Amino acid sequence: MKASSRVRNLPTPSVQRLPVYLRFLKEARNRGDDVVSCTRIAEEFGQRSVQVRKDLAITGVSGRPKVGYRVDELIEAIESFLGWDVKTTAFLVGVGNLGRAILNYEGFVAHGLDVVAAFDANPTLFGQEINGRLVRPLDQIAATAERLRREEGRIVEMGIVTVPARAAQPVADKLVGIGVRAIWNYAPIRLDLPSDVVYEEVKLSASFAVLTNRLRRRDVAE
Ligand code: ATP
């Protein structure tokens, strides 16, 4: 069985560290390194090597004692585990500043993310093109998904929510209504979704709150 098809609760911090290892491994490959040891990766990131070994083991790959990991094999295993070796077709809803930033950001493209259409409720945005994607009225979302399925055989798997908090739940419900199996929520609100929909919140405000709190406490300590 492929590691990526196993359904069990995986430790989220381990999964979150994999992209960081992946970038390091790609740099190693560019330098012409064929193998890399767990200790070397651990040193690079200030981790314990036992933790790195554990993180990497969730991809199904294990290193050879005293030799390490084959760089190519590990890159392939991580990308397959993260699902970055396949295309993920997505719709984005909410073409404000954040939505635009995501549409313009090419970094996720390399990880297979393909945002094929963007939707908004503001008529002044309809017909605008952002990085090759046309902004459409939200009420065309179901028809657009259906046309994509009929004409290109593509299924929209993911919905990216970049509307304000008050609009996020109805927007997510619409996305679930067209059959998305994953919601990536940037709105600062917890969404209520069916249990078979995978869900991830990007907690921008929470992250900022932690940072400013630390900064101000440091001011006081000094
Ligand atoms: P801007 O100032 O360009 O609107 P913003 O990011 O500050 O940017 P927000 O108020 O966060 O704007 O809204 C983000 C986007 O979500 C806007 O383009 C807005 O029109 C859109 N939006 C708001 N409510 C809905 C909704 N119910 N359905 C779809 N889109 C919506």
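Trainee: Which residues surround the ligand, and which are the closest?

Mentor: In this predicted model, 15 residues surround the ligand, and the closest are G96, N97, D120, A121 and P164. A residue counts as near because one of its heavy atoms lies within 4 Å of the molecule.

Trainee: What makes the approach of N97 to the ligand a polar contact?

Mentor: A backbone N or O atom of N97 lies 3.0 Å from an oxygen atom of the ligand. The cut-off is a pair of N or O atoms within 3.5 Å, so this pair qualifies. G96 passes too, because its backbone N or O atom is 3.4 Å from a ligand oxygen. For A121, a polar backbone atom is 3.2 Å from a nitrogen atom of the ligand, so that pair also counts. As for cover, the ligand taken alone exposes 610 Å², and the protein buries 59% of that.

Trainee: Where does the ligand sit?

Mentor: The ligand sits in the second largest pocket. We can say so because "sits" requires more than half of its atoms to lie within 2 Å of the pocket's grid points. That pocket holds about 200 Å³ of space.

Trainee: What lines the second largest pocket?

Mentor: Its lining has 17 residues, with G94, T162, V163, P164 and A167 nearest the centre. Strand 4 (113-120) and helix 7 (165-177) are the elements that give two or more residues to this lining.

Trainee: How do the lining residues divide into nonpolar, polar and charged?

Mentor: They divide into 13 nonpolar, 3 polar and 1 charged.

Technical notes
Residues are numbered from 1 along each chain as its sequence is written. This is a predicted model: local features need pLDDT of at least 70, side-chain atom pairs count only at pLDDT 80 or more; totals for chains, interfaces and linings use all residues. Side-chain values use heavy atoms; hydrogens and water are left out. A polar contact is a pair of N or O atoms within 3.5 Å; within protein, one must be able to donate a hydrogen and the other to accept it, and residues adjacent in sequence count only if both atoms are side-chain atoms. Accessible areas come from the Shrake-Rupley method with a 1.4 Å probe; for residues, only the protein chains shown count as cover. On a 1 Å grid over the protein atoms alone, a cavity is a set of points where a 1.4 Å probe fits but cannot get out, and a pocket is an open set with protein on both sides within 12 Å along at least five of seven lines; lining residues have an atom within 4 Å of a point. Grid points are joined across faces, edges and corners, and a volume is the space filled by probe spheres set on the points. Helices (H or I, at least four residues) and strands (E, at least two) are DSSP runs, numbered from the N terminus. Ala, Val, Leu, Ile, Met, Phe, Trp, Tyr, Cys and Pro count as nonpolar, Asp, Glu, Lys and Arg as charged, and the others, Gly among them, as polar.
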